[in-house]
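Colleague: Could you take me slowly through a single part of this model, explaining each step as you would to someone in their first year?

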Amino acid sequence: MTRLTPHPDRLFPADPAERDIARRLYAEVASAPIYSPHGHVEASMLVANESFADPASLLITPDHYVTRLLHAVGVPLDELGLRRDGAEPTASGRSIWRQLCAHWDVFLGTPVRYWFESELSEVFGLTEHPSAANADELYDELVEKLASDAFRPRALFDRFGIAVLATTDDPADDLAAHRTLADDPTFTGRVLPTFRADRYMLPAESTWPARLDALSATSGFDCGTYAGLLDALRSRRAVFAAAGGTSTDTGVIDAGSEPLEPADAERLHRAGLDGSITEADAVAYRRNMLYQLAAMASEDGLVMQLHPGVLRNHHRPTLDTFGPDTGHDLPDATSFTRPLAPILRDFGTNPTFRMVLFTVDETTFSREIAPLAGFYPSVYAGAPWWFLDTPAGIARYRAAITDSAGFVKTSGFIDDTRAFCSIPARHDMSRRSDAAFLASLVATHQLSEDDAAGVARRLVADIPVDTFRLG
Amino acid sequence: MTRLTPHPDRLFPADPAERDIARRLYAEVASAPIYSPHGHVEASMLVANESFADPASLLITPDHYVTRLLHAVGVPLDELGLRRDGAEPTASGRSIWRQLCAHWDVFLGTPVRYWFESELSEVFGLTEHPSAANADELYDELVEKLASDAFRPRALFDRFGIAVLATTDDPADDLAAHRTLADDPTFTGRVLPTFRADRYMLPAESTWPARLDALSATSGFDCGTYAGLLDALRSRRAVFAAAGGTSTDTGVIDAGSEPLEPADAERLHRAGLDGSITEADAVAYRRNMLYQLAAMASEDGLVMQLHPGVLRNHHRPTLDTFGPDTGHDLPDATSFTRPLAPILRDFGTNPTFRMVLFTVDETTFSREIAPLAGFYPSVYAGAPWWFLDTPAGIARYRAAITDSAGFVKTSGFIDDTRAFCSIPARHDMSRRSDAAFLASLVATHQLSEDDAAGVARRLVADIPVDTFRLG
Amino acid sequence: MTRLTPHPDRLFPADPAERDIARRLYAEVASAPIYSPHGHVEASMLVANESFADPASLLITPDHYVTRLLHAVGVPLDELGLRRDGAEPTASGRSIWRQLCAHWDVFLGTPVRYWFESELSEVFGLTEHPSAANADELYDELVEKLASDAFRPRALFDRFGIAVLATTDDPADDLAAHRTLADDPTFTGRVLPTFRADRYMLPAESTWPARLDALSATSGFDCGTYAGLLDALRSRRAVFAAAGGTSTDTGVIDAGSEPLEPADAERLHRAGLDGSITEADAVAYRRNMLYQLAAMASEDGLVMQLHPGVLRNHHRPTLDTFGPDTGHDLPDATSFTRPLAPILRDFGTNPTFRMVLFTVDETTFSREIAPLAGFYPSVYAGAPWWFLDTPAGIARYRAAITDSAGFVKTSGFIDDTRAFCSIPARHDMSRRSDAAFLASLVATHQLSEDDAAGVARRLVADIPVDTFRLG
């Protein structure tokens, strides 16, 4: 049984003098409040504030960062709690937990293990590394903890020191949960909706007409026309902003943003509705919609987060059996400089417009994102995302971005997680990694330690607040 | 005259504490047996077991890693022993060796020099760095060594501690050399064939019909039809497997794998035979063949190695004069996520199917290969290959791959060499580089030293054995 | 007020033993003469040798490295001295300088700040970091210095220890300034023209016919025909060579180099002149011209510098208002292996031909540039350029290039700057960064310290002299 005791100096540089600097820089920010301007925790969880059902459905089943690598070594997804063909899961929470413990070594060297170690130790107080031998014992310990009031969602929210938590929400969402939270005098946390309209941009998808209907119902605008859809989106953005939302999110396979003439867009809209739209026209429709969302952002000032370059549902049989978000969304080569030219030509220097660029193709950090953020006042370099959200990924991001965009045009850390209990571990990882990067600049005399401490503090406070207009 | 004494701590981190960790991790694996599941040493060399002719034809002429950089500084290839227009080489072994010694500084900082230093010192016992001044003296010393029994191929095979050596063989090869070795009670080494069918996938090549004829002769199937070619390949794979082969290799310019209807494939096959095939159809034929090879692998369980992205014979005049494999095969941008979608859709979760992905475009490590290996049970992240098979390349590979695929979905080291005597130096480089990477994780408290030692041991034993089904 | 005292050990590794090595290596080259074979300082400045007008027009306004990041945080370009719609600038030198000082923290961690710190301290003797508080005081100090004879261009040229300075010049330039300098017995510096014919390669540009007219006038050849243009370029190259020029420069959006039949090129030339050329034909014309420039280089031996992959003038409104070179030239994905195949097939092993490849897409370092330079005698790997010309960029370049191309096939440092006073700081940064890289190879026993010192010395002397044929 090895002790689970995350080292206080973890992620700091090996060189003793450099490490000392990193320690001091980290100390400046270790306990700073958490700003989480992009993630996938549900507001309803905080409304209900019910105890979590069990360790597996909290920590494993919904988190495709965890299930994918277990799947990669041969564990079928239904043994991890995923629903096969919509049926009830057959695996018990305990058996799912045993799978994780039995395959604990698979995660060696990965950020998933790193987060788990921090989380199990610091949130749950476990003292032993998971293993096949102690799986049941640890499971019982977690079950007991989760049943206590101290582990209800709101208690954890407070304990984690979350200053702002942004959710991700469909434009047709009525934001009832957000309103309930805002109106609840017993809950003082700040939980903001984020407007994500991806599904309305894809007229070739079979679910598109039904989505338009739902949005018509919520918004009161007839989304049967393109003009109506734009009105509906515009009005829902205003509702989101009124509910405290400061940003939108958009996930697209590419960042193309060529606008269409309204009449052409109407024609494509009709073709989408009657099922006759071609693949090329669906692409043109999507790219125009990205442009229109930027146009709206330049009017209402909601910060536009852009996440291009992920090929969703690469393994069709897994999609058909287990649904989306099951670990086989995979990165593809991405670009920004050319595809964003139309948006940036028209809104790039508009002071109301703001765009945060994320990527899973790290070649774009030094080649496109930093140069764009280093010229356009509206463009910010988003933190390392998804497959790149790791200590090594953060180091490469800072090394690649800082030269052309400095620190002030970066977004601050984004956890983008469904795993509520990993939020403090993820932000802590980011703070340690940034301290290590800054320490390397100090140790090589590229930055004074005073300046580095100032940067470290801004990275966890002013910078996310300013970037996402949370002030 | 500088002493040729490779430092015992070479490639270990500079920080003293980190270096101590690396030393201990390396000590765990320094003398472990060598698994070489992919390379270009010939089985016939071990059958004949004749003394090597001379230092130049052993160490320089056949090794395009060496000749290319000498060519790049102006040494004509025929002065390095390559045959001009098929004629006998004019340069003597001694004059070729002198070229290397005179240009020894050209290799400063390169892995070729690193391997040579290890090899000349540890295999051949030289004590001085090559130079124009001592070239003849060193040549004589090498000639004398090579004439001794201790430097015959089998003696070196044993001395190198090679547990498994895989060759690369044409499907039309009768594998006589492999059978002779297997039947020879005096040779106890394990030498396996690897099935490489590249040349049968390219119907626009002028040599394609003749290759089909040769394969028809060996296999007994009529390769004049597409169906016959598939039968022939399938039957030869079985012969390779029976001869101990556990894997195949495929080199393609891209990883496209779209299957064709059999009737369409037959039509393209005929067009290839009568010389009327278009470039686009030749591409479609090749991509279908890649899919068919995957289909066969999902039946017979031969591990499918894939090496895409190298533009062969970039310099046409050099090809015309000196033939292929003469140093001007050059990398191009490569992708995996999209082109492999057909294969992975149909075989990606088939437990019999296994695919090891190699690249010379390192952008694909974090963007495609690690994410694919981190979801698909069938996909493994191949070791850094060719231009990336260097201490710095290995460090970047581990840093880029580990986050999404850990260690267990990597392939273990591959030497892929024609230079028999460099095998121990190459594997040693890999072990040192991995020890350095693991030490950095330990020093930054991302991994315990015990866990790191376990990983180090697995990387040179279980991992290659499991990946290539050598158990 | 923090002291402005660049640390003597800046950019050296943190590990004390490694740092000691770097110190010794740097000491070998710290005061070596500066070879600057590519840049944008004007020869006329040295002819006139007038005192610089003021700190802002010397240090800020013309340097898009500086203005772009200020623009990115919201400072309008006209407040930095750029001409709005061709009008006289409205911002005073003092107010521009105040903008820089007020935003000094924006540059933290960037090479711009690094260069400024070296330059303000070592060239101008400032002792305080710029800030809003001391902006006026520092401005006055700089104004006073600039008025003194010691800060005239020629005095600085001597003080900087510039052995060779290459300018960048239009083929239609009469090189009068270069001749005046060469004929002036009181100026002993070596200032060479560089032939840059980009603008003659773009027949769809509205300014193309006027440029051809100007070139006809200078050259005496009628550029109304394609054949005439080739003659004109050829003759101007000879004039540049006679004026001491040893190289050409070419900036193109891609490196495509497919030659055209002369009759086809003539047809496209005419279409360009009468305004009827299609976009595709304009591309074909440009790529043919790149091929023709290589053909000329293989005749006259002028070293061909190639800078592909920058999308010029990304933000059309800024171009329309402020003109080109105003900070929104942005990198795009680039390749070399395929597009340069025609040139390298025909001239790649021609000993007269030489080509230095630069990139702003660093993925090409290990994938294309190093492998090409590691085979073709004619190809050299250009130093990190523009967005990559930073300490971190240089470290990545060396790590990515050395494996396949060693040191001798790299170009030596290129400052490529319009900022005359930053030349010593930039070369010093490069020397420190290379010392750090070499020290890491020594500390990990990949290179002896003697060999490393030899490489360091060659990188600042023989290597640029040989690469650019300056001997």
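Modeller: What follows is a close look at one helix, and then at how the copies of the chain are arranged.

Please keep in mind that this is a predicted model. The part I have chosen is helix α1 of chain C, which covers residues 16–29. This helix has 14 residues and reaches 20 Å from its first C-alpha to its last, which is close to the 20 Å expected at 1.5 Å a residue.

Which residues of α1(C) are buried? They are C:Glu18, C:Arg19, C:Ile21, C:Ala22, C:Leu25, C:Tyr26 and C:Val29. If you look down the axis of α1(C), these buried residues fall within an arc of 160 degrees, so they line one face of the helix. An α-helix has 3.6 residues a turn, so residues three or four places apart point the same way. On the other side of α1(C), by contrast, C:Pro16 and C:Ala27 are exposed.

The next step is to ask what the buried residues of α1(C) pack against. Their partners come from two chains: α18 (423–443) of chain A, together with α18 (423–443) and α19 (449–459) of chain C.

That brings in the relation between these chains. Chain A can be laid on chain C with an RMSD of 0.0 Å by a turn of 120 degrees and a shift of 0.0 Å along the axis, and the two copies are thus related as by a three-fold rotation axis. The copies nevertheless use different surfaces, since 5% of the contact residues of chain A recur in chain C. Within chain A, the residue that comes closest to the rotation axis is A:Asp15, at 3.5 Å (C-alpha).

How values were computed. Residues are numbered from 1 along each chain as its sequence is written. Chains are lettered from A and ligands numbered from 1 in the order in which they are written. This is a predicted model: local features need pLDDT of at least 70, side-chain atom pairs count only at pLDDT 80 or more; totals for chains, interfaces and linings use all residues. Side-chain values use heavy atoms; hydrogens and water are left out. Copies are superposed by least squares on the C-alpha atoms of residues with pLDDT of at least 70 in both. Contact means heavy atoms within 4.5 Å. Helices (H or I, at least four residues) and strands (E, at least two) are DSSP runs, numbered from the N terminus. The expected span of a helix is 1.5 Å times one less than its number of residues. Buried means under 20% relative accessible area, exposed over 50%, partly exposed in between (1.4 Å probe, protein chains only). The arc is that of the directions from the helix axis to the C-beta atoms.
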